[in-house]
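Visitor: Please take a close look at a single part of this chain, and set it within the whole before turning to individual positions.

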Amino acid sequence: MNQFPNQNDFGDFVQTFQIEDLNIRGRLIRLDDAYNAAIQAHGYPPAVKSLIGETMVLTAILASALKYDGVFTLQVQGDGPVSLIMADITSDGAMRAYAKLREGVTQDDIEGASIPQTVGAGHMAFTVDQGPDTERYQGITEITGATLAECAQNYFRQSEQLETAIAITADADDSDDVRAAGLMVQRLPKARDGEQEEEDWRRAVVLMSSITSKELLDRELTATKILFRLYHEDGVRLYDPRDLRHECRCSEARVSRTLRSFPREEIADMADNGIITVTCEFCRTDYVYDEQRLDALYADTAT
Ligand SMILES: [Zn+2]
């Protein structure tokens, strides 16, 4: 998969860290193969590719702050040219993502545009699904920033009341070797007097902002090097990184279950020459059902 055998330390992972002296927790995320796999087979314009990369990074950032056993989903939805960007991550690190574009949208329409211009007026929603007998956790926030990172920062400020700074970046070009990365720092609950804490927080954010997109995406610069360079004076402590990967959860069994939840006649109306093709939005896998298979499917329900 990797075309650069000597430069393969970029990886797909979440690196959690703590800056002891500043009472701050953070995460560094990098996506390489997982991001490339997610955009393959879609033929997105480069600007959409990078939006997906950024959304995947943000999804990993947000999910890593929660304890859950199931699926965390992030949806960015609006009335603009890119009407939906969706990414999800399981508690064991399997990620997938896709974007929906309005008909005829090209790179020229969205190149260099802000989130309100690409996604339009809309919202960002988070869901945690932990299985059929559990309550769904949901968070929702209006799109109120120029970038995804800004939208997420606003969300944290409003709903979690946690001071959070986030930087996200993703390649946007025509190559098949794109990377995405993000860095987040979050202020932990009070440990010392207010003024010092303000000062510490400002310092952590200023240091974070000193890293460039180029550096975050640099194959030669490992996560350890980046974090050490930024925060070694303040006692940065790194936890074991968590691996991420691309994996779609679609399957024939799931598609069959969905089809069977509709009456046979309705399904028959959707057929093209007697054939139903269901395409997974995430990985573009086609599931094809002819009359015979549909017969078998509905015969199953009868029993
Ligand atoms: Zn799929």
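Guide: In the protein chain, buried residues make up 48% of the 303 residues. Here a residue is buried when its relative accessible area is under 20%, exposed when it is over 50%, and partly exposed in between, with a 1.4 Å probe and protein chains only. The model is predicted, so local features need pLDDT of at least 70 and side-chain atom pairs count only at pLDDT 80 or more, whereas totals for chains, interfaces and linings use all residues. Residues are numbered from 1 along each chain as its sequence is written, and side-chain values use heavy atoms, with hydrogens and water left out.

The protein chain contains 11 helices and 14 strands. Its radius of gyration is 21 Å, close to the 19 Å that the globule rule gives for 303 residues, so the chain is as compact as a globular protein of that length. That radius is taken over C-alpha atoms, and the rule is 2.2 Å times the number of residues to the power 0.38. The helices (H or I, at least four residues) and strands (E, at least two) are DSSP runs, numbered from the N terminus. Along the principal axes, the C-alpha trace spans about 70 × 45 × 35 Å. Of the contacts between residues at least 6 apart in sequence, 63% join residues at least 24 apart; contact means heavy atoms within 4.5 Å. The accessible surface comes to about 15,300 Å², and 46% of this belongs to carbon and sulfur atoms. Such areas come from the Shrake-Rupley method with a 1.4 Å probe; for residues, only the protein chains shown count as cover.

The part chosen for the close look is helix H8, which comprises residues 223-231. Buried in H8 are Ala-223, Ile-226, Leu-227, Leu-230 and Tyr-231. They cover an arc of only 95° around the axis, which puts them on the same side of H8. The arc is that of the directions from the helix axis to the C-beta atoms. The general background is that an α-helix has 3.6 residues a turn, so residues three or four places apart point the same way. The cover over the buried residues of H8 includes strands E1 (13-19), E2 (24-31), E9 (180-187) and E10 (236-238). Helices H6 (194-209) and H7 (213-216) are also part of what covers them.

One of these covering elements, H6, holds Gln-196. Gln-196 is partly exposed, at a relative accessible area of 34%. The C-alpha atoms of Gln-196 and Leu-22 are separated by 9.2 Å, although these positions lie 174 residues apart along the chain as a sequence separation.

Elsewhere, two positions illustrate burial. Leu-51 is in helix H2 and counts as buried at 9% relative accessibility. Leaving aside neighbours within four places in sequence, Leu-51 is in contact with Val-82, Ile-85, Ile-115, Thr-118 and Leu-148. One of these partners, Ile-115, is 64 residues away along the chain, and the two C-alpha atoms are separated by 9.0 Å. Thr-90, in strand E4 (residues 82-90), also counts as buried, at 9% relative accessibility. Not counting residues up to four places away in sequence, Thr-90 touches Tyr-68, Gly-70, Val-71, Arg-242 and Arg-249.

Strand E7 (residues 137-142) contains Ile-140, which is exposed, with a relative accessible area of 56%. Beyond its neighbours within four places in sequence, Ile-140 is in contact with His-123, Met-124, Ala-125, Phe-126 and Tyr-155. The loop between strand E6 (122-129) and E7 holds Thr-134, and this residue counts as partly exposed at 40% relative accessibility. From Thr-134 to Arg-25, 109 residues apart along the chain, the C-alpha separation is 29 Å.

Backbone geometry completes the account. Most residues other than glycine have a negative phi. Ala-41, however, has a positive phi near 70°. Ala-41 is found in the loop between helix H1 (33-39) and helix H2 (46-64), and it counts as exposed at 64% relative accessibility. Arg-284, likewise not a glycine, has a positive phi of about 65°. Its place is the loop between strand E13 (276-279) and strand E14 (286-289), where Arg-284 is partly exposed, with a relative accessible area of 40%.
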